[in-house]
Amino acid sequence: MLATAMNPFLSIRFIVAVIGVAFVFRPNPASAVPPPAPLPPVPSANQLAWQENELTLFTHFGMNTFTGRGIGLGTEDPNLFYPTNLDCRQWVRVAKECGFKGIILTAKHHDGFCLWPTATTRHSVASSRWEDGRGDVVRDLTEACKAGGIKLGIYCSPYDRSVTNYDTDRPAYSRYYRQQLSELLSHYGPVFEMWFDGNKANVADWGKVIALVRKLQPRAVVKQGPVLHPVREDIRWVGNEMARAPLENWSVYPAPDSLAAGNQSAKPIWFPLECDTMMNGHWFWDTNPPRSLATLLNYYYTSVGRNSEFLLNVAPDPDGRFSPACVERLREFHRALQRIFGNDYARGRKTRASNVRGNDPAFGPENAVDGNPKTYWAADDGVTNAWLEVDLGGEKTFNVIGTGEEIALGQRVEKYKVEAFMAGHWEPICAGTTIGYRKLDRFPKVIASRVRLTILASRACPAINLFGVYLDTVSPPESFETANALKDAPRRARRRAG
Ligand code: FUL
């Protein structure tokens with residue numbers, strides 16, 4: 001947010017964030033002590049709502065669906081685009097049934113073919129025989145989302161192989177691109193996420209591109225495309241296409257430890273990670289079978305379970321529908337998540353803690369096991385080492401621990417460990433550095449009647465809204481082995497965002 005002082009637009013965002021924070025922290029009249037002060041940077045209201053989505057579907061659909069290419073040429077005959085049974089309502093129904101909160105559509109991919117009847121080019125659905133040139137996929141999906149109660153996101157590729165001036169007249173291309181964005185962001189409905197891609201992005205006037213999104217869709221979060229500084233976007237790409245966030249994952253950017261290491265160049269911003277991957281191994285439709293349930297669950301653990309959002313691509317087939325095999329896999333995935341996380345052995349159980357803020361029950365440890373993400377256990381100011389214990393009410397078998405921070409107060413925890421009381425001793429079962437919105441730790445099954453979370457280091461007093469204890473009998477046993485459960489993200493992210 002270095003540009004805040006110069007850019008009135010970012011100042012408005014700052015004010016909105018402050019209002020959002022004030023709303024979240026309205027004092028609890030029953031509480032005798034004030035809540036912990038937010039530790040900057042904190043998420044904006046849009047970023048907070050986005051993080052709570054947890055699961056979003058990605059749909060790559062377009063010319064490539066019919067040609068089998070991953071990246072189209074830009075010279076394809078528009079008539080090739082001919083879905084025989086386009087059914088955006090089916091996409092939405094499946095998304096909703098399976099717990100996904102939004103769908104992001106490739107309104108334009110790198111081939112430049114537009115799925116809406118744009119005034120900017122003839123390379124669009126309007127030139128195709130599909131619905132006699134009167135079709136509009138963006139409109140159909142917008143209406144389906146509205147009817148189905150799912151949020152709509154838009155991907156409009158900055159890279160465009162259909163225009164001849166793409167590299168030769170960058171300012172002209174930038175105007176063309178902004179015109180396309182104006183159409184997409186003003187002719188349809190609310191957009192919750194504007195998804196930019198970094199691949200060969202033409203970055204002329206990128207500041208104007210972002211400003212346009214802010215103006216037309218102030219409630220949208222913007223996913224980073226080309227990596228430019230200062231950062232103006234809200235969401236960061238994970239750096240791989242395997243839905244694997246790093247084990248240590250700060251939504252604070254640059255990460256606090258990198259600041260300590262001398263990277264003082266930028267004021268930290270809230271910049272959470274999004275993890276994208278595909279159901280079938282390609283972004284557009286292909287005949288590969290969907291990924292296994294075990295793989296999808298592993299993606300969930302390494303994305304949502306590592307303080308990120310999971311963006312799963314399900315590509316419609318040339319008919320314009322999700323295939324039965326994909327639908328079935330999504331349903332299995334949903335059922336598995338319900339089975340694993342629908343039963344929390346800690347929920348509503350007796351708790352105690354080494355420190356409770358002001359000894360006030362409004363910040364008591366029971367708030368971490370009440371199933372309500374709005375309440376949290378907090379310690380006194382200055383207390384950055386504290387424990388919380390749960391009595392499970394008898395011996396329980398479990399292999400997953402879930403923790404969560406009240407991220408509206410900023411991301412605080414730097415180091416923690418979890419122990420279980422077994423055979424008269426506290427035994428370590430898992431440990432980590434960051435927690436953030438959600439952390440899921442897997443380990444081989446243990447049987448215990450009490451579990452203890454110890455915060456070992458924190459940037460400020462901890463504020464924990466979740467301490468959950470689960471048994472996953474769906475994932476294969478090997479995914480609980482340390483080498484797999486703690487597999488980190490590749491160290492070097494690709495330079496472009498994608
Ligand atoms: C990448 C693109 O090049 C791929 O085609 C795909 O759209 C993916 C989500 O982002 O950068």
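Start by selecting Glu54, just after helix α2: this residue takes a positive phi of about 65°. Keep in mind as you go that you're looking at a predicted model.

Now step back into α2 itself, residues 45–53. Colour Asn46, Gln47, Leu48, Trp50, Gln51 and Asn53, and you have picked out residues of this helix that are buried.

Next stop: helix α9, residues 293–302. Seven of its 10 residues are buried, so the rest of the structure largely encloses this helix. To see them, select Leu293, Leu296, Leu297, Tyr299, Tyr300, Tyr301 and Thr302. What's covering them? Show β1 (55–59), β9 (273–278), β10 (308–313), α10 (324–341), β13 (386–405) and β16 (439–458), which are among the covering elements.

Time for some rings. The whole structure holds 29 aromatic pairs. Try Phe58 with Trp283: the ring centres are 5.7 Å apart and the planes sit at 80°, so this pair is edge-to-face. Phe58 is in strand β1 and Trp283 is in the loop between β9 and α9, so the pair ties together parts 225 residues apart in sequence. Both Phe58 and Trp283 are buried.

Then pick Phe100 and Phe333, a tilted pair with 6.5 Å from centre to centre and 45° between the planes. Phe100 sits in the loop between α4 (88–97) and β2 (102–108), while Phe333 is in helix α10, 233 residues apart. Add Tyr299, Tyr300, Tyr301, Phe310, Phe341 and Tyr470 to your selection, and you'll have the cluster that ring pairs link together with Phe100 and Phe333.

Last, look for charges over rings. Arg129 lies over the face of Tyr82, 3.9 Å from the ring centre. Over at Trp426, the charged end of Arg452 sits above the ring, 4.3 Å from its centre.

Conventions. Residues are numbered from 1 along each chain as its sequence is written. This is a predicted model: local features need pLDDT of at least 70, side-chain atom pairs count only at pLDDT 80 or more; totals for chains, interfaces and linings use all residues. Side-chain values use heavy atoms; hydrogens and water are left out. Buried means under 20% relative accessible area, exposed over 50%, partly exposed in between (1.4 Å probe, protein chains only). Helices (H or I, at least four residues) and strands (E, at least two) are DSSP runs, numbered from the N terminus. Contact means heavy atoms within 4.5 Å. Rings of Phe, Tyr and Trp (its six-membered ring) pair if their centres lie within 6.5 Å; planes under 30 degrees apart count as stacked, over 60 as edge-to-face and the rest as tilted. A charge sits over a ring if NZ of Lys or CZ of Arg is within 6 Å of the ring centre and within 35 degrees of the ring normal.
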